[in-house]
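Welcome! Here is a short briefing to read alongside the model, with a strand and its partners up front and a loop residue to follow.

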Amino acid sequence: MKILVCISNVPDTTSKITFTNDNTAFNTAGVQFIVNPYDEIALSKAIDLAEGGKGTVTVIKVGDSSTEATIRKTLATGADDEVRINANPRDAWFVANQIANYAKANNFDLILTGRESIDYNGAQVGALVASLLNIPSVSISKKIDIDGNTATVEREIEGGKEILSLNLPAVIGTAEGVAEVKIPN
């Protein structure tokens, strides 16, 4: 199984945030950037699914060379490969198009995302990628099981839980509980 994991480079929540240009531009000076925590959950689930030779995990990031340290951390965590699309991630539509173009050219069985990024909290990229690829999408999954070409996904809904079955390829957004986050040694 070929798994693609989409990651974001976000400011660490402990970083002091300031603005420049009359408070209109984010000042990155002195800010520590990390892998988006929800994307770390997606990466951990991908690694679990691929364990024992059952698949490969490729991480994709849309961003400039300043994001290289974040990508290297995903390789240290257990991803097999990484791709950085050298572009300024100006909005969710642009990012989704970049990811969809790469995914279309490389035939992935499963694309995992975090439920949202902690910087913009848009939760749009996964659904947009699925739409561009014309494949099923599920957001905020709490449990994912793969059996052949079928994914069974559980997610919480108001008043209970919903269990969905979908054919692969698919895009699935992950949330807390899907996997234990792996911390590199």
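Let's begin with how one strand is joined to another: three bridges connect strand S1 (residues 2-6) to S8, and the two run parallel. Please keep in mind that this is a predicted model. Strand S8 covers residues 110-114, and it also pairs with strand S12 (residues 170-174).

**Strand S8 and its partners**
- Within the pairing of S1 and S8, Leu4 has Ile111 as its bridge partner.
- With S12, the pairing of S8 is again in the parallel sense, and five bridges make it up.
- Opposite Leu112 you will find Ile172 of S12.

**Burial along S8**
- S8 is mostly covered, with five of its five residues buried.
- Leu110, Leu112 and Gly114 point one way from the strand, while Ile111 and Thr113 point the other way.
- Residues on both sides are buried, including Ile111, the bridge partner of Leu4, and Leu112, which stands opposite Ile172.

**Asn149 in its loop**
- Now for a residue in another setting: Asn149 sits in the loop between strand S9 (137-147) and strand S10 (150-157).
- Asn149 counts as exposed because its relative accessible area is 58%, and the cut-off for that term is over 50%.
- Which residues does Asn149 contact, leaving aside its neighbours within four places in sequence? They are Leu166, Asn167 and Leu168.
- Leu168 lies 19 residues away from Asn149 along the chain, yet their C-alpha atoms are separated by 5.2 Å.

Methods:
Residues are numbered from 1 along each chain as its sequence is written. This is a predicted model: local features need pLDDT of at least 70, side-chain atom pairs count only at pLDDT 80 or more; totals for chains, interfaces and linings use all residues. Side-chain values use heavy atoms; hydrogens and water are left out. Buried means under 20% relative accessible area, exposed over 50%, partly exposed in between (1.4 Å probe, protein chains only). Helices (H or I, at least four residues) and strands (E, at least two) are DSSP runs, numbered from the N terminus. Two strands pair if DSSP finds at least two bridges between them. Contact means heavy atoms within 4.5 Å.
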